[in-house]
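Me: Please take a close look at a single part of this model and describe it in detail. I should like a connected account of how its residues are placed and what they pair with.

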Amino acid sequence: MTIDAVRGILGWSMVINYAILLWWFLVFTLAHDWMHRFHGRWFRLSVEAFDGLHYGAMAVFKIGIMLLNLTPWLALQIVG
């Protein structure tokens, strides 16, 4: 596998992951009450706990994107 292929894979993976993160954020903000009711069927969470869980999970997901996609992609951009 060439460096260009890896660079392309990492780039598209980053785009897809950021699209997922954006979708998650949009659904969370625009359909917040529906999501809380939907997840409330299985878990008894206050609105504050629900918001905190989603905010923390989005932060971890974003850090994962940066560490696993963005940083290697930038390194290959510099090297290549």
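Reply: Arg7 and Asp4 stand three residues apart in helix 1, so about one helical turn separates them. The model is a predicted one, and the account below centres on helix 1 and the parts that meet its residues.

Arg7 and Asp4 are joined by a salt bridge, in which the closest N and O atoms are 3.3 Å apart. Side chains of opposite charge can pair when their charged atoms come close. The structure holds one salt bridge. Its two partners differ in their surroundings: Arg7 has a relative accessible area of 17% and is therefore buried, the limit being under 20%, whereas Asp4, at 55% relative accessibility, counts as exposed because it passes the limit of 50%.

The helix that carries this pair covers residues 3-30. Helix 1 has 28 residues, and the distance from its first C-alpha to its last is 40 Å. That span is close to the 40 Å expected at 1.5 Å a residue.

Arg7 is one of several buried positions in helix 1; the others are Leu10, Gly11, Met14, Asn17, Leu21 and Phe28. The buried residues of helix 1 pack against two elements, helix 2 (32-40) and helix 3 (47-79).

Helix 1 also contributes to the surface. Trp12, Val15, Ile16 and Ile20 make a nonpolar surface patch of about 440 Å². Ile20, found in helix 1, has 43% relative accessibility and so counts as partly exposed. Phe25 is placed in helix 1 too, and at 42% relative accessibility Phe25 likewise counts as partly exposed. Phe25 and Met58 are 33 residues apart in sequence, yet their C-alpha atoms are 8.0 Å apart in space. A pair with an equal separation along the chain gives a contrast: Arg37 and Leu70, 33 residues apart, have C-alpha atoms separated by 35 Å. Arg37 is found in helix 2 and is exposed, with a relative accessible area of 54%.

The aromatic residues add a further set of links. The count of aromatic pairs comes to four. In one of them, the ring centres of Phe28 and Phe50 are 6.1 Å apart and the planes meet at 35°, so the pair is tilted. Phe28 lies in helix 1 and Phe50 in helix 3, so this pair ties together parts that are 22 residues apart in sequence. Both Phe28 and Phe50 are buried.

Another aromatic pair, Phe38 with Trp42, has ring centres 5.0 Å apart and planes at 90°, so the arrangement is edge-to-face. Phe38 is partly exposed, with a relative accessible area of 28%, while Trp42, at 55% relative accessibility, counts as exposed. Together with Trp34, these two residues form one aromatic cluster.

To return to helix 1, its buried residues include Arg7 and Phe28. Arg7 takes part in the salt bridge with Asp4, and Phe28 pairs with Phe50 of helix 3. Elsewhere on helix 1, Ile20 is partly exposed and belongs to the nonpolar patch with Trp12, Val15 and Ile16.

Notes
Residues are numbered from 1 along each chain as its sequence is written. This is a predicted model: local features need pLDDT of at least 70, side-chain atom pairs count only at pLDDT 80 or more; totals for chains, interfaces and linings use all residues. Side-chain values use heavy atoms; hydrogens and water are left out. Patches are made of residues with over 30% relative accessible area and no salt bridge: like charges are joined within 9 Å, nonpolar side chains (Val, Leu, Ile, Met, Phe, Trp, Tyr) within 5 Å. Accessible areas come from the Shrake-Rupley method with a 1.4 Å probe; for residues, only the protein chains shown count as cover. A salt bridge is a side-chain nitrogen of Lys or Arg within 4 Å of a carboxyl oxygen of Asp or Glu. Helices (H or I, at least four residues) and strands (E, at least two) are DSSP runs, numbered from the N terminus. Buried means under 20% relative accessible area, exposed over 50%, partly exposed in between (1.4 Å probe, protein chains only). The expected span of a helix is 1.5 Å times one less than its number of residues. Contact means heavy atoms within 4.5 Å. Rings of Phe, Tyr and Trp (its six-membered ring) pair if their centres lie within 6.5 Å; planes under 30 degrees apart count as stacked, over 60 as edge-to-face and the rest as tilted.
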